[in-house]
Amino acid sequence: MPKLWAGRFEKPTDALLDDFQSSIPFDQRLIECDITGSIAHATMLGEQNIIPAADASAIVDGLKGILADYRAGTLVIDKGAEDVHMFVEALLTQRIGEAGKRLHTGRSRNDQVALDVRMYAREACAHVNALLKSLLDLLLSLSRQHLDTIMPGYTHLQKAQPITLAFHLMAYAQMFMRDINRFEHAYAEADVMPLGSGALAGTTYPLNRERVRELLGFSDVTDNALDGVSDRDFLLSFLSAASICMMHLSRFCEELILWSTNEFGTAVMDDGFATGSSIMPQKKNPDACELTRGKTGRVYGDLMTLLTVMKGLPLAYNKDMQEDKEAFFDAYDTLVKCLPTFTAMLRSTDFRREAMYASAGLGFTNATDLADYLVGKGVPFRDAHHVSGVLVGKCVREGRALTDLTLDELRAAHPAFDADVYDAISLEACVSRRSLRGGPAPEAVRQSISRAEEWLKQRRAGEQP
């Protein structure tokens with residue numbers, strides 16, 4: 001297929017360059033956005049009398065025909081085409097004749113591709129957020145089921161204080177809520193219509209940019225043509241949000257991997273989300289978690305790819321920016337595979353309540369509450385901390401728990417101890433007394449769940465189109 005821009009050249013491009021610069025193997029997925037954007041552009045050209053109304057109508061009908069063929073699976077995409085934009089325009093001209101040559105009036109591939117990618121990015125943000133909201137639904141449901149499931153909380157991967165599984169799950173709910181916010185922000189950045197920027201300096205044609213914005217459902221139009229064609233911040237925002245979201249998934253997966261080990265024994269993966277060993281018959285490997293954890297690095301790489309592509313580019317468009325799409329598409333594809341798989345895996349995971357409770361009772365997770373008990377009796381906190389530490393040391397040496405110590409042994413460490421200390425340092429009391437907003441007490445977590453449910457309800461009420 002002859003190049004649509006070949007008029008200035010005296011010989012065709014070398015086959016090596018054709019292959020090197022061709023983007024249609026990956027940018028063909030923009031074809032629906034490209035055609036939809038072109039329909040809006042042609043409609044506006046006709047309405048503004050920039051091209052004859054009959055030609056505009058023929059172009060729109062021709063583009064709709066190409067789109068219908070694509071959706072029906074009958075459109076054969078020319079893999080030898082330079083890119084999806086040239087392919088669609090050339091095919092349109094083949095189908096409707098001379099009128100097809102008027103489509104590109106007042107437009108450059110620079111603002112055309114910026115439009116296509118923004119349209120696709122909006123769809124990607126909305127899709128990811130729908131998956132995140134499904135995951136959040138599950139987390140809120142599981143949290144309600146486990147308000148009283150006591151487990152150990154950790155710092156430095158050492159047992160620290162007793163909490164509940166609901167409290168732990170709601171920590172991840174907060175992370176994914178922030179992810180939803182980030183993808184909403186990326187959507188808003190993408191939701192600005194660049195067509196009319198031309199190659200870099202706009203156009204002399206009396207385009208109606210607001211009309212194109214209206215037809216395509218954008219919230220605004222770009223305010224500077226140079227920036228309109230050279231901006232990829234909206235993709236960087238998507239990739240940054242995707243990287244942080246994958247990090248959250250990876251952290252969650254790492255904990256589920258640990259919890260499913262024999263050493264922890266507090267979670268059991270469903271057989272449908274685990275695999276075995278080709279040599280060791282007893283193995284049950286948490287592959288869904290491990291793959292998610294591994295794919296996180298891949299998405300980080302996509303972010304670094306685009307940051308590096310953009311870091312030294314002078315204004316406006318440069319061919320380097322063709323490299324934006326593969327990184328964007330790869331991160332998007334990876335994320336939308338990980339999220340539903342992770343959600344289904346989490347839904348089927350069996351959390352062992354008894355094992356969690358038993359684990360919380362080990363490792364002196366009530367030592368802080370022992371110190372707090374003394375503070376309640378008027379002992380300065382630093383002194384109370386020291387006494388509690390001394391008693392923990394005694395128990396470590398003797399292989400005992402704090403609740404195993406007799407009242408006499410406790411009073412030998414400090415006379416402020418009384419018989420009510422045992423109730424004060426029970427796991428249930430340790431959890432229930434932490435009732436401040438943000439704490440693990442069942443009522444505090446219940447309120448946190450309710451706030452998250454209301455937040456999610458409001459988000460769904462105002463979802464992007």
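**Notes on a predicted model: selected residues, a helix pair and the cysteines**

1. His-146 is buried, its relative accessible area being 6%. The structure discussed throughout this note is a predicted model. His-146 sits in the loop between α6 and β1, the latter spanning residues 150–155. Once neighbours within four places in sequence are set aside, the residues in contact with His-146 are Thr-164, Leu-165, Ala-166, Phe-351 and Arg-353.

2. The helix that precedes this loop, α6, covers residues 109–145, and its axis comes within 11 Å of the axis of α10, with a crossing angle of roughly 25°. Because angles under 35 degrees count as roughly parallel, α6 is described as roughly parallel to α10. The handedness of the crossing between α6 and α10 is left-handed.

3. Which residues form the contact between α6 and α10? From α6 the participants are Val-117, Arg-118, Ala-121, Ala-124, Cys-125, Val-128, Leu-132, Leu-135 and Leu-139, and they meet Phe-234, Leu-235, Phe-238, Cys-245, Leu-249 and Phe-252 of α10. Sorted by class, the contact of α6 with α10 consists of 14 nonpolar residues and one charged residue, with no polar residues.

4. Helix α10 runs over residues 233–259 and also contains Ser-243. With a relative accessible area of 5%, Ser-243 is buried. If residues up to four places away in sequence are not counted, Ser-243 touches Val-299, Tyr-300 and Leu-303.

5. On the cysteines, a search of the whole structure returns zero disulfides. Cys-245, which is one of the α10 residues in the contact with α6, is buried at a relative accessible area of 0%. Why does Cys-245 have no bond to the closest cysteine sulfur? The closest cysteine sulfur belongs to Cys-338 and lies 9.0 Å from the sulfur of Cys-245, which is too far for a bond, since a disulfide requires the two sulfur atoms to be within 2.5 Å.

6. Cys-395 likewise counts as buried, at 1% relative accessibility. For Cys-395 the closest cysteine sulfur is that of Cys-430, at 14 Å, and this is therefore too far for a bond.

7. Turning to backbone geometry, the peptide bond that joins Leu-315 and Ala-316 is cis, with omega at about 10°. Ala-316 is placed in the loop between α11, residues 287–310, and α12, residues 324–348.

8. Asn-49 has a phi near 60°, which is a positive value in a residue other than glycine. Where in the chain does Asn-49 lie? Asn-49 belongs to the loop between α3, residues 31–47, and α4, residues 53–72. Asn-49 is exposed, with a relative accessible area of 64%.

9. Phe-364 also has a positive phi, in this case of about 60°, although Phe-364 is not a glycine. Phe-364 is located in the loop between α13, residues 353–360, and α14, residues 367–376. At 21% relative accessibility, Phe-364 counts as partly exposed, because the class of buried residues is limited to values under 20% and the exposed class to values over 50%.

Key: Residues numbered from 1 in each chain as written. Predicted model: local features only at pLDDT ≥ 70, side-chain atom pairs only at ≥ 80, totals over all residues. Heavy atoms only, no water. Helix = DSSP H or I, 4+ residues; strand = E, 2+ residues; numbered from the N terminus. Buried < 20%, exposed > 50% of the residue type's maximum accessible area, 1.4 Å probe, protein only. Contact = heavy atoms within 4.5 Å. Axes fitted to C-alpha atoms, helices over the stretch in contact; angles between N-to-C directions. Parallel < 35°, antiparallel > 145°, perpendicular 65-115°, else oblique. Left-handed = near helix turned anticlockwise from the far one by under 90°. Nonpolar A, V, L, I, M, F, W, Y, C, P; charged D, E, K, R; others polar.
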